[in-house]
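Here's a walk through one model, section by section. Have the structure open while you read.

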Amino acid sequence: MKTHSSVTMSLLLKYSTVFNDGDQRTPAEILAPYGRTMTLKMIGVLNSMLQRKLKELPQQMFSWFGSDSDLGEQMMKKIFNGYRNEIRAGARLFLVNDHANLRMNVMAKNLPEIDLETAIDVDQSHLNFFKAYLKINEDFLRKQENIGATIPEEFTGLEKATWMTTATLISYYDFAYIDEVLAAIQMIKAMYCFDFLQKYNPQLYQHYLDNKGVVDFKDYAKKMFPLTNLCFTDAVGINGSDQANQQFLEIFNHQVDIPENEENVAKRDFLAIRNRPLYKVGENDFVMLNRAMIINKMYTSIYWDCKAIIDTNPALGISQNGFRTDYTTEFSEGYLVYKLFEKAYGNKSYKQFSGEQMRVLMNHSEPDYYVRNGNKVFLIEVKDSFITGKAKQSFDVPTIVNDLKSKYYKTDYSEKAVKQLLTRIRLSLTMGYPFDQHYKPKSLKFYPILIVYDVNLTVPGIESVLIGWFETERDTLIQEMADKGITGFQINNVVVLHIDCLILLNEYIRAGRIKLEDLIDGHLLRRRNLLKITNAKSFKEIKASVLNSYLSFNEYVRNIIDQIPPGRRIMPSEYNIFKD
């Protein structure tokens, strides 16, 4: 079982401890003599280190300077001298990390280009890149240290410790969200999106196919799979002259960039990297700057490409704003989720209704999906909204909390996910669903579930913030129902599940191998047990338990599935379309 502490930011090497020589140059000034292309290629090497899971400091240093480098040995001695006390105390030191790679990426793209024929002293370049990287690390550590000053006074010491981790992780989490299973799931989402577009507007769908030079989804997937495979190799770059690579490069290089206007830059951090995670640095020469975003764009680019097609084809009769609304409500929060839950529960005699079906019968306050099995009621809200890049990079707890509150709790004018779920529960308790009337409210056990598209909602600690708001509203609802004589029901805490995990999970639910209610019960029981404070626990044990309790439901589900022996795992049936 993974724990919260296993994903916290480790003790990173910083410049002032290793060198402490008073060098006032900025990282950009140190990198300037090497120019954009060479720096981007170095970032490709650093990302390859992360892909190869080189986590130990000696491994990273050998990869950086070479295993037989005198300079590398000198740098190791400097590190051991600077961190002597920490090493004696058992600290593990790290150098290469996702956040620093992202920061260096941004700097690199703003560097001037240099003559690549210019002679470069290899050792000096390795040393200067090392120095620049340590300075970037130091800035990252400084931001982490400043998080504490932003935490509200009413937070406890343990809450403060957790927020130090949460506000750090959220700054780069989605750029490190990658594995082979998740890569295949992006293609499954793309498959459903192709199917939706064909039904939504056949002319738009055909324009999209023509733009990509493919005949259907299977053709698209076949051409893109080699790029997916390369993302899980040690490759630093891609040779564009290779015939096998040309097909996916032809598609990938024509994906539309998200416009880098003020609004989009505020909403999406590191936008330049999101737009060009596979970056052309020369004729037929491409470097992989961020593997997670390469995989991500295989699905997310469909929306932006369609928006660009709509913008240049007014005859389609679709407005930009209209398409955004339709895509969110009809596809993300409708079509895809409906398909997944219909698949999961379609072979069971449960009461189940999609949001679309309920709107016909109610026209107000319906959940996005409703399932009842006896006294167990699953109420699902789906949100295709995102924590802003500005909040993620703020390292400021109130800024992050306020952004969460406005999207997932409530505003002065409207209810959001958490409060909406309580409204749906109230309707159920007061027999407000005309399509389902044969039950006793006092016997019901509610399982409120928030399905999200932003993986940052699964960062350890974020779900606990939503639970805190949910508990406040739940207490009010319980008292309101008691005043009406309605008692005896149970309302579980809200859990957060990412859409990718739902895709992975629904085969197990359909096969009867896993029950969603058992997963939720197990996750919440684990959380309650970890949060029990007893006299038998030391402060260190209490802190570890609280930190581990912040593991999200999404991560809990992934851990359960990962523990299934490979021979007994069920892969999504959508994989069959990829077979020749």
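## Getting oriented

Helices here are DSSP runs of H or I at least four residues in length, numbered from the N terminus. With that in hand, D257 can be placed: it sits in the loop between α13 (243-252) and α14. One thing to keep in mind throughout is that this is a predicted model.

D257 counts as partly exposed, at 30% relative accessibility. Its C-alpha is separated by 5.2 Å from that of N275, although the two residues are 18 apart along the chain.

## Strand β9 and its neighbours

How many of the residues of strand β9 are buried? For β9 (residues 445-452) the count is eight of eight, so the strand is largely enclosed by the rest of the structure. Look at the side chains and you'll see K445, Y447, I449 and I451 pointing one way, while F446, P448, L450 and V452 point the other way. Both sets are buried, which here means under 20% relative accessible area.

Several strands pair with β9. Strand β8 (residues 376-383) runs parallel to β9 and is joined to it by eight bridges; within that pairing, L379 has P448 as its bridge partner in β9. Strand β11 (residues 495-498) is also parallel to β9, with four bridges between them, and there I451 stands opposite L497. Then there's strand β10 (residues 490-491), which pairs with β9 in the parallel sense over two bridges. In that case K445 is matched with Q490 of β10.

## From β8 back to β7

Seven of the eight residues of β8 are buried, so β8 too is largely enclosed by the rest of the structure. Besides its link to β9, β8 pairs with strand β7 (residues 369-373), this time antiparallel and over five bridges. L379 turns up again here, standing opposite Y370.

What sits between β7 and β8? The two strands form a hairpin with two residues between them, and in the turn G374 has a positive phi of about 65°.

## A three-stranded open sheet

Elsewhere, three strands make an open sheet in the order β3-β5-β4, with antiparallel pairing. The edges are β3 (237-239) and β4 (278-282), each of which pairs on one side only. Ignoring direction, neighbouring strands of the sheet are turned against each other by 35° on average.

Zoom in on the β3 side and you'll find three bridges in the antiparallel sense between β3 and strand β5 (residues 285-288). In this pairing N239 stands opposite D285 of β5.

## The second largest pocket

The second largest pocket holds about 1,200 Å³ of space. Its lining is made up of 48 residues, and those nearest the centre are R268, T300, W304, D384 and F386. Elements giving two or more residues to this lining are α10 (180-200), α14 (262-267), α15 (271-275), α16 (291-312), α17 (320-345) and α19 (389-392).

Which helix gives the most to the lining? That's α16, with eleven residues. Sorted by class, the pocket lining comes out as 18 nonpolar, 15 polar and 15 charged residues.

## Helix α22

Helix α22 (residues 462-483) has 22 residues and spans 33 Å from its first C-alpha to its last, close to the 32 Å expected at 1.5 Å a residue. Its buried residues include I462, V465, L466, W469, F470, L477 and M481. Charged side chains are on the buried list as well, among them E463, E473 and R474. After the helix comes G485, with a positive phi near 80°.

## Two residues with positive phi

Most residues other than glycine have a negative phi, which makes a couple of loop residues worth a look. K53 has a positive phi near 60° and lies in the loop between α3 (35-51) and α4 (57-65). F270 has a positive phi near 50° and belongs to the loop between α14 and α15.

Are these residues buried or exposed? K53 is exposed, with a relative accessible area of 58%, whereas F270 is buried, at 10%.

Technical notes. Residues numbered from 1 in each chain as written. Predicted model: local features only at pLDDT ≥ 70, side-chain atom pairs only at ≥ 80, totals over all residues. Heavy atoms only, no water. Expected span 1.5 Å × (residues − 1). Buried < 20%, exposed > 50% of the residue type's maximum accessible area, 1.4 Å probe, protein only. 1 Å grid on protein atoms, 1.4 Å probe; cavity = no way out; pocket = protein on both sides within 12 Å on 5 of 7 lines; lining within 4 Å. Points joined across faces, edges and corners; volume = space filled by probe spheres on them. Pairing = 2+ DSSP bridges. Axes fitted to C-alpha atoms, helices over the stretch in contact; angles between N-to-C directions.
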